[in-house]
Amino acid sequence: MLFVELQYTLATEEAERIGVDHVARMSNADTSDSSTVAEHLVAQHNAIKMLHCRVKIILEYIKDVQRGAVPRNHEIMREAYSLCHRLPVLDTPNFTGDFFNQCNDVSLMAYLGAITKGCNTINQFINKFSLLYDRPGMGRRMRGLFF
């Protein structure tokens, strides 16, 4: 057999490094470290909750103006109109393609996680079976039973 030394480089993307960091920190359950991914997700969740509350306030103001319960403030109405037109249009082909690509990526990652978990469960089962099968005195009875 002949072994040849080859030149290679490892190319990793940001998503892979984030995933490895998250798994490495979450696998140490006895430490109080939290991964940067978990912290980032909590920060994003809080920002989305705050945005939702503010949009609800603007929506309630516009409904109250329509009902006549609150006097119309043209400056606030212009700001709300400007905010609505700054949002991306969801019916563009670019958005649809990117959205489906991202959905497919998330689904594939979920499937990969499920397959990995299933493989781990099967591996544990095989280890337990091997431990039981390799016990002295049990081998012959078990061999006749399964093989």
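Entry 1. I looked up Arg67 in this predicted model. Arg67 is exposed, with a relative accessible area of 59%. I then looked for its partner and found that Arg67 forms a salt bridge with Asp64. The closest N and O atoms of the pair are 2.1 Å apart.

Entry 2. I checked whether Asp64 is buried or exposed. Asp64 has a relative accessible area of 19% and counts as buried, because the cut-off for buried is under 20%. I note that the salt bridge joins Asp64 and Arg67, with Asp64 buried and Arg67 exposed.

Entry 3. I placed the pair in the chain. Helix 2, residues 36-67, holds both Asp64 and Arg67. They are three residues apart, about one turn of the helix. I counted one salt bridge in the structure.

Entry 4. I turned to the cysteines. Cys53 is partly exposed at 45% relative accessible area. Cys103 is also partly exposed, at 32%. My count of disulfides came to zero.

Entry 5. I read the secondary structure of the chain. I found five helices and zero strands. Along the sequence the pattern is α-α-α-α-α.

Entry 6. I looked up the totals for the chain. Of its 147 residues, 6% are buried; Asp64 is one of the buried residues. The chain exposes about 13800 Å², and 63% of that area comes from carbon and sulfur atoms. For contacts with a separation of 6 or more, I noted that 3% are between residues 24 or more positions apart.

Conventions
Residues numbered from 1 in each chain as written. Predicted model: local features only at pLDDT ≥ 70, side-chain atom pairs only at ≥ 80, totals over all residues. Heavy atoms only, no water. Salt bridge = Lys/Arg side-chain N within 4 Å of Asp/Glu carboxyl O. Helix = DSSP H or I, 4+ residues; strand = E, 2+ residues; numbered from the N terminus. Buried < 20%, exposed > 50% of the residue type's maximum accessible area, 1.4 Å probe, protein only. Disulfide = S-S within 2.5 Å. Contact = heavy atoms within 4.5 Å. Areas by Shrake-Rupley, 256 points an atom, 1.4 Å probe, with all protein chains shown as cover.
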